[in-house]
Amino acid sequence: MPNPLVAPVLTPERLQAAHSYASYRQLIDGLLAHNLTTGPQQSDKLTEYTRLNVQRMQRIDKMVRVLPELQVALANLRQDYIGLVITEGWCGDAAQIVPVLEAVAQASAGKLSTRYLLRDDNLDLMDQYLTNGTRSIPKLIVLRADTLTEVASWGPRPAPAQELLLGLKAQGATHEEYAEKIHGWYAQNKTQATQQELLALIQGLE
């Protein structure tokens, strides 16, 4: 039985207004057609990041294969869940991870569905899921489908990538330097660390 003291993370109406994966991708493409990106901050750099991210998402959409053990864990779910993802089109980590989250949801045969919210349009929610005091994304919040209460959260990136990033920042790396190394790590890892951490999360749901 759900704990009546635990409040839903958001209202059904707000969840309904969130994006599907298809509409999230369409939103980004539509904005890029006008040299814009998601969110209130606009710049040539952010637009260029977003163009690169679309290429990354397209590549991962094509290549990602859900691990067999993760497929088994999804098949063993007895309840239905919603993966609420806080993201933005200009975020490089989101481009590497959001397609994996969607692939996992698609492999769940309806047990896990996804909805996507833009960070800067939902700061009240984002600020409940800070990472070391920062609004780091993407952030996955797993909700029970019947109560919209939180059962797990994950993000903004798998532990090895997080450790690499913190180490590079401690060494004084510039944004361009650490972005290059982080994306190099993602390319080499081929979604494996993300999927292993999602496996542990799924196994811990019930």
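**A four-stranded sheet and its helices**

Helix α5, made of residues 92–106, lies across β1, β2, β3 and β4, and runs at about 150 degrees to β2. Another helix, α9 (residues 192–203), lies across β2, β3 and β4, at about 165 degrees to β4. The model in which these elements appear is predicted.

The strands that these helices cross can be taken next. They form an open sheet of 4 strands in the order β2-β1-β3-β4, and the pairing is mixed. At the edges are β2 (112–118) and β4 (150–154), each of which pairs on one side only. On average, neighbouring strands of the sheet are turned by 20 degrees against each other, direction ignored.

Strands of a sheet pair through backbone hydrogen bonds, and the pairing can be parallel or antiparallel. Strand β1 (residues 81–87) and strand β3 (residues 139–144) run antiparallel and are joined by 6 bridges. Within this pair, leucine 84 stands opposite isoleucine 141 in β3.

Beyond the sheet, the whole protein has 9 helices and 4 strands. Read from the N terminus, the elements follow the order α-α-α-α-β-α-β-α-β-β-α-α-α. The radius of gyration is 17 Å, close to the 17 Å that the globule rule gives for 206 residues, so the protein is as compact as a globular protein of that length. The C-alpha trace spans about 50 × 35 × 35 Å along its principal axes.

Of the 206 residues, 49% are buried. Among contacts with a separation of 6 or more, 77% are between residues 24 or more positions apart. The accessible surface comes to about 10,400 Å², and 53% of this belongs to carbon and sulfur atoms.

Notes:
Residues are numbered from 1 along each chain as its sequence is written. This is a predicted model: local features need pLDDT of at least 70, side-chain atom pairs count only at pLDDT 80 or more; totals for chains, interfaces and linings use all residues. Side-chain values use heavy atoms; hydrogens and water are left out. Two strands pair if DSSP finds at least two bridges between them. Helices (H or I, at least four residues) and strands (E, at least two) are DSSP runs, numbered from the N terminus. Axes are lines fitted to C-alpha atoms, for helices over the stretch in contact, and angles run from 0 to 180 degrees between N-to-C directions. Contact means heavy atoms within 4.5 Å. The radius of gyration is taken over C-alpha atoms; the globule rule is 2.2 Å times the number of residues to the power 0.38. Buried means under 20% relative accessible area, exposed over 50%, partly exposed in between (1.4 Å probe, protein chains only). Accessible areas come from the Shrake-Rupley method with a 1.4 Å probe; for residues, only the protein chains shown count as cover.
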